[in-house]
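Here are a few warm-up exercises on helix packing and nonpolar cores. Have a go at each one before reading its solution.

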Amino acid sequence: MRDISIALVIIGFVPLVLKYPWTGVLLYAWVSLFSPHRFGWGFAYNFQFAMVAGGATVLAMLLHWKESKLPYNSITVLLILLPLWMTVTFLFALEPQDAYSRWEEVMKTFFFALVAASLLRTRKHLEGLLWVIVLSIGFYGVKGGIFTILSGGSEKVYGPPGTSFLTDNNAIAVALIMVIPLMHFLSTTIESKWLKLGMYGCMALTAMGVLGSQSRGAFLAILMMGMFLWLKSTKKVASGVVLLCVAVLAIGFMPQEWVARMGTIEKYDQDTSALGRLNAWHMAFNLANDRPLVGGGFEPYTPRTFAMYAPDPTDLHSAHSIYFQMLGEHGYVGLFLFLALGIAGWRTAQRIINASANNPAYAREGYLARAIQVSLIGYASAGAFVNIGYWDLVYYEIVILMATYRAVQAAENEPVKSESPVEPGASSGDGTNSDDGRRADAVIT
């Protein structure tokens, strides 16, 4: 019965997708991020629902081709160049059989990032995708937070069942870290005080879920995000006190075993897990130096490759780092393109913030850009210890920034100064930040 219900829900959205192609991006994102089919026990568990959502979206794009337009800018160029280069490295892969399945999966990720860039054009579209992201990943955050509280923090929090990118405790911790700033942004768009309080509660539970994952990389990422928020705050003393109190209360709840595990960060040279990561990083570095252009291709983590390039050939691990993953699998060119895409996303966010600084009509967009900046910091710092270089969310966030910038681009050179500026996320009562806010809802051309 559960499998039938899941299938009916997903297939039931297909007519809506065929009428409104942009909703296909939301459906595909929900299936890929939340993995609803993994909650089935029968045919739905391994059914290709992502293919159903993707196929319906592509068909809708063909039926409504005038509504599909891929913008030309540095982000879209990099979103094309990076998978193209990955295809080149795939052709020279050391382990072609293992590489093919990963290549196929990664190409779908980038293809739908480009589809999203072609279809998401208004504030409603972008915030719809944000809600899908927050509800999909936030479910595991709330669930993990409750589990952490009930277990006293003695058990690890894991992601969705099956073989999702987020199944591992370290990976789900990064996802939860990234979604907390997005939760905070969406809370500013909610008018009901009870729903707003509910979102704050979800944020608190998600933070507890991060701690419950017992991921040391995630703990370091929380520190980095807290430092960034403090540096950006205009009231450093007050914000510092709040951040310190929250940290003391949350960490004080966790058991001594958790504190001891976090304490091993300082003694990485005595921890077998940390030593395994270092061994994998050395392998990726040596592999890239031997094959600087193409690296080893997808999935080079085999006994044969470790025997050739690792200091300890018997200690096999995946890259355990988005940076060494790109370097080892796609060489220095692949790493450069990956970093360039991240930098392009960050610069776009900063341009949104600058363009909206003195323009109340786009204050909401500016606050969204700040939230995604914090989320990207979480990805960049925690990702240094996790193998999620191909995960969808970071590419969706960059596409959201690109589409948002297209909305505020007209205001970049002609800022509108107001005598009564609107706070980020404030509402004028009609769902916008000011009487001129409707401009941000217009179709971006």
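**Exercise 1.** In this predicted model, work out how helix 8 and helix 9 run relative to each other.

*Solution.* Start with the axes: those of helix 8 (residues 169–187) and helix 9 (residues 193–212) come within 9 Å and cross at roughly 165 degrees. Angles over 145 degrees count as roughly antiparallel, so helix 8 is roughly antiparallel to helix 9. Next, the handedness: helix 8 passes helix 9 in a left-handed crossing. Finally, check the chemistry of the contact, which splits into 13 nonpolar, 4 polar and 1 charged residues.

**Exercise 2.** Do the same for helix 15 and helix 16.

*Solution.* Helix 15 covers residues 322–356 and helix 16 residues 363–382; their axes sit 9 Å apart, at an angle of about 155 degrees. That's again past the 145 cut-off, and the two helices are therefore roughly antiparallel to each other. The crossing of helix 15 past helix 16 is left-handed. Contact residues include Phe338, Trp346 and Ile353 from helix 15, plus Arg370, Gln373 and Ile377 from helix 16. By class, you get 12 nonpolar, 4 polar and 2 charged.

**Exercise 3.** Find the residues that touch the most other members of the largest nonpolar core.

*Solution.* The core has 116 residues, and the best-connected ones are Leu79, Met86, Ile133, Trp391 and Tyr395. Helix 8 supplies its largest share, 14 residues. Now zoom in on Tyr395: leaving out residues up to four places away in sequence, its contacts include Leu79, Phe110, Met326 and Phe338. Apart from this core lies another, of 9 residues, among them Ala280, Met283, Leu287 and Tyr301.

Technical notes
Residues are numbered from 1 along each chain as its sequence is written. This is a predicted model: local features need pLDDT of at least 70, side-chain atom pairs count only at pLDDT 80 or more; totals for chains, interfaces and linings use all residues. Side-chain values use heavy atoms; hydrogens and water are left out. Axes are lines fitted to C-alpha atoms, for helices over the stretch in contact, and angles run from 0 to 180 degrees between N-to-C directions. Helices (H or I, at least four residues) and strands (E, at least two) are DSSP runs, numbered from the N terminus. Angles under 35 degrees count as roughly parallel, over 145 as roughly antiparallel, 65 to 115 as roughly perpendicular and the rest as oblique. A crossing is left-handed if the near helix is turned anticlockwise from the far one by less than a right angle, and right-handed if clockwise. Ala, Val, Leu, Ile, Met, Phe, Trp, Tyr, Cys and Pro count as nonpolar, Asp, Glu, Lys and Arg as charged, and the others, Gly among them, as polar. A nonpolar core is a set of buried Ala, Val, Leu, Ile, Met, Phe, Trp, Tyr and Cys residues joined through side-chain atoms within 4.5 Å. Buried means under 20% relative accessible area, exposed over 50%, partly exposed in between (1.4 Å probe, protein chains only). Contact means heavy atoms within 4.5 Å.
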